[in-house]
Amino acid sequence: MASRTTLVFGGTSGIGLATARQLAARGETVHVAGRSAERVASVRVEAPELSAHVADGTDHAAVAALAEGVAPIDALVITISSSAGNGPLAELDLAELRKGFDEKVLGMLTVMQAALPHLSPDASITLVGAISAHTAMPGTAGIGAINAAVEALVRPLSIELAPRRVNAVSPGLVDTPWWNALPAETRDAYFSAAEAALPVGHVSTADEVGEAVVLLATNSSMTGTVVPVDGGVRFVQL
Ligand SMILES: NC(=O)c1ccc[n+]([C@@H]2O[C@H](COP(=O)([O-])OP(=O)(O)OC[C@H]3O[C@@H](n4cnc5c(N)ncnc54)[C@H](OP(=O)(O)O)[C@@H]3O)[C@@H](O)[C@H]2O)c1
């Protein structure tokens, strides 16, 4: 049987990279894309089983060119991120929030639209949202709205694009470079407090979330679903 082809947009770090490596270990041909040439170069060294490309998911023409070059795509995984839009309402920078929507929601729509002509007839699309769409953590109204918008894409597209499948995972706290914007001590203190509160007793790893992405990307009966992989954070108050 011919090898399946996966394209992971946002696959040069964190959850996307972990997912890509797991899919490659299953024998799939896996392409990853990110904006930073430095990260792409590092993936080429650290994970030579992957084909790494520089491309910005908000650039329709760049996504279309990459998708055409690697087509047909059997699984499209989109883990592009933004931390813009975080913070309490009274201080929320609305221009930053708009940027967050542009980077994550419009970014995911751009990748899907540009790649659509290059998907195989039974392809899967798997998005990565965030559990902030469901929790009640102060300071997350903005990013919660962004991730609720990501989840809202799943059900209509699972019908509109059928028989292609469309799903999402909804992670909680995951130990990835996404947190590098915070000073290390602040991040470590937050993770320690989270570990004490989380039902599973640990902050998620990128591999744990990647396992759920792989399931959604490969299980031919799953569509229109959003799977929480959050260590139970939605049941506690951080
Ligand atoms: N880490 C967490 O605790 C957590 C929790 C809940 C949800 N999530 C969500 O999980 C997803 C993945 O996050 P992560 O933790 O794996 O973060 P990460 O380690 O920072 O990885 C993000 C990846 O997306 C790429 N990317 C970002 N914007 C892009 C764009 N416009 N075009 C192409 N690639 C782009 C990054 O590469 P470049 O920067 O080089 O482009 C990188 O490869 C995000 O949607 C995030 O919101 C994360």
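Reader: Which residues of α5 are called buried, and by what rule?

Author: Gly142, Ile143, Gly144, Ile146, Asn147, Val150 and Leu157 are the buried residues of α5. A residue is buried if 20 or more other C-beta atoms lie within 10 Å of its own, exposed if 12 or fewer, and partly exposed in between, with C-beta atoms placed from the backbone. The model is predicted: local features need pLDDT of at least 70, side-chain atom pairs count only at pLDDT 80 or more, and totals for chains, interfaces and linings use all residues. Residue numbers start from 1 along each chain as its sequence is written.

Reader: What makes residues 141–160 a helix, and what span is expected of α5?

Author: A helix is a DSSP run of H or I with at least four residues; a strand is a run of E with at least two; both are numbered from the N terminus. α5 has 20 residues. The expected span is 1.5 Å times one less than the number of residues. That gives 28 Å for α5, and its first and last C-alpha atoms are 29 Å apart, which is close.

Reader: What covers the buried residues of α5?

Author: The cover includes α4, β5 (119–128) and β6 (165–171). Contact here requires C-beta atoms, placed from the backbone, within 7 Å.

Reader: Why is β6 called mostly covered?

Author: 7 of its 7 residues are buried. Both faces are closed off: Arg165, Asn167, Val169 and Pro171 lie on one side, Val166, Ala168 and Ser170 on the other, all buried. Side chains in a regular strand alternate between the two faces of the sheet.

Reader: How do you know that β6 pairs with β5 and with β7?

Author: Pairing takes at least two DSSP bridges between two strands. β5 and β6 share 5 bridges and run parallel. Ile125 stands opposite Val166 there. β6 and β7 share 4 and also run parallel. Ala168 has Val226 as its bridge partner in β7. Both pairs therefore meet the rule of at least two bridges.

Reader: Why is β2 described as largely enclosed?

Author: 5 of the 6 residues of β2 are buried, so the rest of the structure largely encloses this strand. β2 also has paired strands. β1 (residues 5–9) runs parallel to β2 and is joined to it by 5 bridges. Thr5 faces Thr29 in that pair. β3 (residues 51–54) is parallel to β2 too, with 4 bridges. Gly34 stands opposite Val54 there.

Reader: What makes the units around β2 right-handed?

Author: Point the strands away from the viewer; the crossover is right-handed if the path from the first strand over the helix to the second runs clockwise. β1, α1 and β2 form one such β-α-β unit. β2, helix α2 (residues 37–46) and β3 form another.

Reader: Why is Leu7 called buried, and Thr58 partly exposed?

Author: Leu7 has 31 C-beta neighbours inside 10 Å, so it counts as buried. It lies in β1. Beyond four places in sequence, Leu7 contacts His31, Ala33, Ala67, Val70, Ile73, Leu76 and Ala115. Thr58 has 18 C-beta neighbours inside 10 Å, so it counts as partly exposed. Thr58 is in the loop between β3 and α3. Its contacts, again leaving out residues up to four places away, are Asp102, Glu103, Leu106, Gly107 and Thr110.

Reader: How do you know that the bonds before Pro72 and Pro163 are cis?

Author: Omega tells. From Ala71 to Pro72 it is near 0°. Between Ala162 and Pro163 it is about 10°. Most peptide bonds are trans. Pro72 sits in the loop between α3 (60–70) and β4 (73–78). Pro163 sits in the loop between α5 and β6.

Reader: Which residues come nearest the ligand, and what makes a residue count as near?

Author: A residue is near if its C-beta atom, placed from the backbone, lies within 6 Å of the molecule. Of the 28 residues around the ligand, Gly10, Gly14, Arg35, Ser36 and Ser81 come nearest. α1 gives the most to this shell, with 3 residues.

Reader: How many residues of the shell are nonpolar, polar or charged?

Author: The shell divides into 11 nonpolar, 13 polar and 4 charged. Nonpolar covers Ala, Val, Leu, Ile, Met, Phe, Trp, Tyr, Cys and Pro; charged covers Asp, Glu, Lys and Arg; the others, Gly among them, are polar.

Note on methods: Two residues are in contact if their C-beta atoms, placed from the backbone, lie within 7 Å.
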